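Thanks, everyone; I will talk through one structure this morning, beginning with a local feature and then working outwards. Please have the sequence and the coordinates open as we go.

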Amino acid sequence: MADLVVRSRWYAGLLIALALCAPVCLAHAQGSSTRADVAEMLKKHDEALNQHNLEALLALYAPSPKTVMLGTGPGEKYQGKAEIKTAYTEIFKDFDKGTLTHSCYWRDGGGSGNMVWGAAMCKFADAKGEKKREYELNVSMVAEKQGGKWQFVLLHYSNVVGEAPNQ
């Protein structure tokens, strides 16, 4: 059960971090049009996640069966839209709509042509009922412009399991 709770925190945090920090990451590598397009994609992701809108979330992913979401541990690989759908379905169970907040204290990113990447380290808070949680995640993403729109081809998230190392 504790493993499921930890995974749930990873999922929720990853997705919000990705949605809210990548536009800044991309600013250094892409022109303003690309930045604006990717920022809009990430805004849509954030809104859909907060509203538990599964179909809107899945529309943001590339249709390739190689599109993947990765977590920290063994077996935390969700490849293709069916598996990514399953991951989001589990994420929705772990926090109430509109309760997820974050603050990213490090970000970077870049890109070339039709590919962009972003990475961030963020602190999160959310709630389920009266129970509030706080946690940190590392997040990375790759998006590709396909058919005139940006879509995720890779999301990866990780967090410390057990005691956090001294920084």
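I begin with the cysteines, where C104 and C122 form a disulfide whose sulfur atoms lie 2.0 Å apart. Before going further, I should say that this is a predicted model, and what follows should be heard with that in mind. The two partners come from distant parts of the chain, since C104 sits in strand β3 and C122 in strand β4, 18 residues apart. For those who care about the geometry, the torsion about the S-S bond of C104 and C122 is about 90°, so the disulfide is right-handed. A search of the whole structure finds one disulfide.

Are these two cysteines buried or exposed? With buried meaning under 20% relative accessible area, C104 is buried at 11%, and C122 is buried as well, with a value of 0%.

Let me now place those strands in their sheet. Six strands make up an open sheet with mixed pairing, and the order across it is β2-β1-β6-β5-β4-β3. The edges are taken by β2, residues 77-79, and β3, residues 101-112, each of which pairs on one side only. From one strand to the next, the twist averages 20°. On this sheet packs α4, which touches β1 (68-70), β2 and β6, and the direction of α4 makes about 130° with that of β2.

As general background, strands of a sheet pair through backbone hydrogen bonds, either parallel or antiparallel. Here β4 and β5 run antiparallel and are joined by 14 bridges. If you want to check the register, M115 has E144 in β5 as its bridge partner, and V116 is partnered by A143, also in β5. The hairpin of β4 and β5 has two residues between the strands, and in that hairpin G129 takes a positive phi near 65°.

The next pair along is β5 and β6, which are also antiparallel and share nine bridges. One register point to look at is M141, whose bridge partner in β6 is L155. In the hairpin of β5 and β6, again with two residues between the strands, G147 takes a positive phi near 60°.

That brings me to the nonpolar core. Which residues touch the most other members of the largest core? Of its 33 residues, those are M41, L49, M69, Y88 and F152. The elements that each supply at least two residues of this core are α2 (32-50), α3 (54-58), α4 (80-92), β4 (115-128), β5 (131-146) and β6 (149-158). As a rule, in soluble globular proteins, nonpolar side chains tend to be buried together. For a closer view, take M41: leaving aside residues up to four places away in sequence, M41 touches L60, M141, A143, W150, Q151 and F152. Two of these have come up already, M141 as the bridge partner of L155 and A143 as that of V116.

I will finish with a lysine, K93, which is found in the loop between α4 and β3. K93 is partly exposed, its relative accessible area being 48%. The side chains of K93 and E90 are joined by a polar contact of 3.0 Å. Finally, K93 and H52 are 41 residues apart in sequence, while their C-alpha atoms are 9.4 Å apart in space.

Methods:
Residues are numbered from 1 along each chain as its sequence is written. This is a predicted model: local features need pLDDT of at least 70, side-chain atom pairs count only at pLDDT 80 or more; totals for chains, interfaces and linings use all residues. Side-chain values use heavy atoms; hydrogens and water are left out. A nonpolar core is a set of buried Ala, Val, Leu, Ile, Met, Phe, Trp, Tyr and Cys residues joined through side-chain atoms within 4.5 Å. Buried means under 20% relative accessible area, exposed over 50%, partly exposed in between (1.4 Å probe, protein chains only). Helices (H or I, at least four residues) and strands (E, at least two) are DSSP runs, numbered from the N terminus. Contact means heavy atoms within 4.5 Å. Two strands pair if DSSP finds at least two bridges between them. Axes are lines fitted to C-alpha atoms, for helices over the stretch in contact, and angles run from 0 to 180 degrees between N-to-C directions. A disulfide is a pair of cysteine sulfur atoms within 2.5 Å. A polar contact is a pair of N or O atoms within 3.5 Å; within protein, one must be able to donate a hydrogen and the other to accept it, and residues adjacent in sequence count only if both atoms are side-chain atoms.
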